[in-house]
Amino acid sequence: MSAHAAGWVLRSAVAADVEVIAELRAMVMRADLERLGRYDEHRVRQRLRDSFSPQHTSIIVIDRELAGCVTVRPAGGRQWLEHFYLAPHQQGQGLGSAVLRTVLERTDAQGLTVGLNVLQGSAARRLYERHGFVVEAHDPIDVFMVRPPGAMAGAAAKA
């Protein structure tokens with residue numbers, strides 16, 4: 001478990017976290033998936049269940065309450081940032097940036113490239129761009145982004 005000055009903690013996920021995270025995913029992604037004509041009440045939860053990896057997932061906790069989650073999973077020669085969800089009442093307060101900064105400091109220290117995909121039109125894309133991610137590819141549903149190690153320093157210098 002790692003505690004941060006802003007009052008949030010990252011703890012390792014356990015198998016029992018899967019359902020609460022599936023519900024969080026459904027809530028957080030609903031508007032974007034509906035906008036894209038892709039929302040399915042069952043599928044949005046099942047996709048999380050099918051790919052849930054407790055050993056690569058951290059739960060974000062504030063005052064003993066689930067505030068979100070993030071997965072960083074190795075695959076294809078890079079780390080994949082997945083299932084990064086914040087409870088709606090925790091969004092827009094800097095928590096996402098703080099958690100992302102912590103995750104990227106770890107991958108930078110290991111010299112690892114990070115990849116992710118975000119839904120077309122999602123506000124989350126701006127968060128990722130602020131932290132040094134650039135578009136690698138896209139399709140009508142997803143935008144695939146990549147960030148080489150140390151890119152945050154370059155992104156901050158441009159800001």
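## Basis of the description

A residue is called buried when its relative accessible area is under 20%, exposed when that area is over 50%, and partly exposed in between. The structure described here is a predicted model.

## The aromatic pair

A pair of aromatic rings is described by the distance of the centres and the angle of the planes. The structure contains 1 such pair. Its members are Tyr 128 and Phe 133, whose ring centres lie 5.7 Å apart and whose planes meet at 70°. The arrangement of Tyr 128 and Phe 133 is edge-to-face, because an angle over 60 degrees is placed in that class.

Are these two rings buried or exposed? Tyr 128 has a relative accessibility of 7% and therefore counts as buried. Phe 133 is also buried, since its relative accessible area is 2%.

## Salt bridges around helix α1

Side chains of opposite charge can pair when their charged atoms come close. In total, the structure holds 11 salt bridges. One of these is formed by Arg 30 and Glu 34, with 2.7 Å between the closest N and O atoms. Both residues belong to helix α1, which spans residues 18–35. Arg 30 and Glu 34 are 4 residues apart, or about one turn of the helix.

Both partners are partly exposed: the relative accessibility is 36% for Arg 30 and 41% for Glu 34.

## From the helix to the loop

Which other residue does Arg 30 meet in a salt bridge? The partner is Glu 41, at an N to O distance of 3.7 Å. This pair connects distant parts of the chain, 11 residues apart: Arg 30 lies in helix α1, whereas Glu 41 lies in the loop between α1 and α2 (43–51). With a relative accessibility of 41%, Glu 41 counts as partly exposed.

Glu 41 also meets Arg 45 in a salt bridge, with an N to O distance of 3.1 Å. Arg 45 has a relative accessible area of 13% and is therefore buried. Through salt bridges that share partners, Glu 23, Arg 30, Glu 34, Glu 41 and Arg 45 are joined into one network.

## Summary

The aromatic pair of Tyr 128 and Phe 133 is edge-to-face. Tyr 128 is buried, and so is Phe 133. In the salt-bridge network that includes Arg 30 and Glu 41, Arg 45 is buried, while Glu 34 is partly exposed.

Conventions. Residues numbered from 1 in each chain as written. Predicted model: local features only at pLDDT ≥ 70, side-chain atom pairs only at ≥ 80, totals over all residues. Heavy atoms only, no water. Phe/Tyr/Trp six-rings, centres within 6.5 Å; stacked < 30°, edge-to-face > 60°. Buried < 20%, exposed > 50% of the residue type's maximum accessible area, 1.4 Å probe, protein only. Salt bridge = Lys/Arg side-chain N within 4 Å of Asp/Glu carboxyl O. Helix = DSSP H or I, 4+ residues; strand = E, 2+ residues; numbered from the N terminus.
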